[in-house]
Amino acid sequence: MTDNDARSREDQLAAQLFDQTDAELLAELARIYEQIDPVPEGLVERIGFTLTLADLEIELARLINETREPIGARGEERARTVTFSSESLTTMVTITPQDIGQFRIDGWLAPGAALAVELRTDRGSLRTTADLDGRFEFIEVRGGLVQLVIHPTAGSDLQLASPVVTPAMEL
Amino acid sequence: MTAEARDPAPTPAGRANAASESGAGLAAQIAADLIAHRSGDTHAMGLLVRRVTPLLWHVARGFRLDAASAEDVAQNTLLAFVRHSDEIIEPHAALRWLIVTARREAMRAVTQRDRTELVDDAARTVPAPETDEPEPVALATAAQRVLWRNVGRLSERCRQLLRVIAFAERPDYATLSTALGMPVGSIGPTRGRCLAKLRMLLASDPEWGAS
């Protein structure tokens, strides 16, 4: 088959109606992608969690780095350090397992400012205010989906135009 | 103002599922979810999110984004959708809106990633992008391996297109090809160039059909 023949054969095939074989090829292709690149577990729930925010006029932060460090003598528990970035703020949090099913969250906002910080959980919200250096903490947080909301705060050195929200994450 | 604020009347139970029960394509299911959401069904948006998230993930991954960025694309797209769903006049256009928005978000993420790499290559905190399609190590059947090998011979643009169409079930070609910037002919749902190329590649692969 010459190049011209191949091209006219391709034109002809392309102009035909979509048929059962095409549908089967696409179904097989979908099965392949599901095997080699599955949708991450919990993604639907994490997105759903964000969409339940009362106010959706928000600035979304992106996860830009995540590391895990062994802690304790046997090193079997791991502390996660996660960094989120948005136009106005960089937020870094270290999540350390405490007692069974409980976590401690140490956070740091940059630029440092005394902003109101909300930790949304699937059982309601915990609230605190960062210190002047932007440090904050939540202790005895129960496991599950959580998400940080950093709110515009009167009197703070940093004036946010809208709340900064991190993606939801599973503790 | 949200749709609920205007019209708090609940819909009869199960209406949001009517389209999926009849086996309609994704565009019709999404349209039904959106209509149910607008008439106050508080579960409809959740159903829509569940239905469309896999497609949005595959749109983003088709641009070779890392997992966290692809999750951001899916989340940002759906957040924008909820914010702007009142502006989508024709519910059947909702799927197209979602795909177009996800592609735009993904392209923005690619641009940001490339800029970060150029400026900040030494102290980069962004995870390295995938350099190619994932390796097909996990494929279950010989037929899948042959199909995958031939998909790999297509242009990146065709791979992106087929990947999106594959996740939209019973593709509404008019919706999808417009969303992907590849208009179809006016005569109807033709096969299109990418599927034609794939079928020619498979036809000339001696292992196709042999397994």
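Reader: How many residues of chain A are in contact with chain B, and how many of chain B with chain A?

Author: This is a predicted model, and a contact here asks for C-beta atoms within 7 Å. On that count, the contact between the two chains takes in 35 residues of chain A and 50 residues of chain B.

Reader: Which element of chain A gives the most to the side that touches chain B?

Author: Four elements give two or more residues to that side: α1 (3–15), α2 (20–36), α3 (43–51) and β2 (62–71) of chain A. With ten residues, the one that gives the most is α2(A).

Reader: By class, what does that side of chain A have in the way of nonpolar, polar and charged residues?

Author: Let's go through the classes for the side of chain A that touches chain B. Six residues are polar and six are charged. The nonpolar count is 23.

Reader: What order do the elements of chain A run in, from the N terminus on?

Author: Chain A has three helices and eleven strands. Reading from the N terminus on, the order is α-α-α-β-β-β-β-β-β-β-β-β-β-β.

Reader: Why is chain A more spread out than a compact globule?

Author: For 171 residues, the globule rule gives 16 Å. Chain A is well over that, so it counts as more spread out than a compact globule. Its C-alpha atoms fill a box of roughly 75 × 45 × 30 Å along the principal axes. The radius of gyration behind this is 24 Å.

Reader: What share of the residues of chain A count as buried?

Author: To be buried, a residue needs 20 or more other C-beta atoms within 10 Å of its own. Of the 171 residues of chain A, the share that counts as buried is 25%.

Technical notes
Residues are numbered from 1 along each chain as its sequence is written. Chains are lettered from A and ligands numbered from 1 in the order in which they are written. This is a predicted model: local features need pLDDT of at least 70, side-chain atom pairs count only at pLDDT 80 or more; totals for chains, interfaces and linings use all residues. Ala, Val, Leu, Ile, Met, Phe, Trp, Tyr, Cys and Pro count as nonpolar, Asp, Glu, Lys and Arg as charged, and the others, Gly among them, as polar. The radius of gyration is taken over C-alpha atoms; the globule rule is 2.2 Å times the number of residues to the power 0.38. A residue is buried if 20 or more other C-beta atoms lie within 10 Å of its own, exposed if 12 or fewer, and partly exposed in between; C-beta atoms are placed from the backbone.
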